[in-house]
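The following exercises concern the strand pairing, the chain path and one residue's surroundings. Please work through each task before reading its solution.

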Amino acid sequence: MTPGVQILADAQREALGRLAGALEPARLERAVALIDEADAVHVCGVRRAFPVVAHLAYALARLGVRCHAIDGIGLMHREQAGAMRAGDLLVAVTYRPYAH
């Protein structure tokens with residue numbers, strides 16, 4: 001493994017360890033309930049968050065959830081967001097710090 005790949009792998013392993021330690025079961029259960037109760041789920045994120053949005057939208061769709069990505073491809077943010085209706089759920093994906 002090259003040094004760059006090793007650094008990246010180590011950083012991801014560390015991030016997963018922090019996630020496991022910070023995960024609150026009650027909050028996760030509430031998030032699952034919100035998804036289950038929603039008429040449709042809209043997952044929004046751009047730039048660094050795009051891969052997460054694409055994967056989450058795919059995974060939810062595979063579970064039978066009506067899901068739409070608001071990813072801004074083709075600068076269609078407004079049109080994609082315009083598909084949201086009452087009873088839908090918006091999941092926003094971002095990072096801290098947002099971007100450099």
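**Exercise 1.** Determine which residue cysteine 44 stands opposite in S2, and describe the pairing concerned.

*Solution.* Step one: cysteine 44 stands opposite isoleucine 70 in S2. Step two: S1 and S2 pair in the parallel sense, over 4 bridges; two strands count as paired if DSSP finds at least two bridges between them. Step three: between S1 and S2 the chain passes through helix H3 (residues 50-62), giving a right-handed β-α-β crossover. The term right-handed applies if, with the strands pointing away from the viewer, the path from the first strand over the helix to the second runs clockwise.

The model is a predicted one, in which local features need pLDDT of at least 70 and side-chain atom pairs count only at pLDDT 80 or more, while totals for chains, interfaces and linings use all residues. Residues are numbered from 1 along each chain as its sequence is written, and side-chain values use heavy atoms, with hydrogens and water left out.

**Exercise 2.** Establish the order of the strands in the sheet and identify the edge strands.

*Solution.* Step one: helices (H or I, at least four residues) and strands (E, at least two) are DSSP runs, numbered from the N terminus. Step two: S1 (residues 41-44) also pairs with S3 in the parallel sense, over 4 bridges. Step three: the 3 strands form an open parallel sheet in the order S2-S1-S3. The edge strands, each pairing on one side only, are S2 (67-70) and S3 (89-92).

**Exercise 3.** Characterise the surroundings of histidine 42: is this residue buried or exposed?

*Solution.* Step one: histidine 42 is found in strand S1, and its bridge partner in S3 is leucine 90. Step two: histidine 42 counts as buried because its relative accessibility is 0% (buried: under 20% relative accessible area; exposed: over 50%; partly exposed in between; 1.4 Å probe, protein chains only). Step three: the side chains of histidine 42 and aspartate 88 are joined by a polar contact of 2.8 Å. Such a contact is a pair of N or O atoms within 3.5 Å; within protein, one must be able to donate a hydrogen and the other to accept it, and residues adjacent in sequence count only if both atoms are side-chain atoms. Step four: leaving aside neighbours within four places in sequence, the residues in contact (heavy atoms within 4.5 Å) with histidine 42 include His68, Ile70, Met84 and Val91.

**Exercise 4.** State which pattern the chain follows along the sequence.

*Solution.* The chain has 4 helices and 3 strands, and the pattern reads α-α-β-α-β-α-β.
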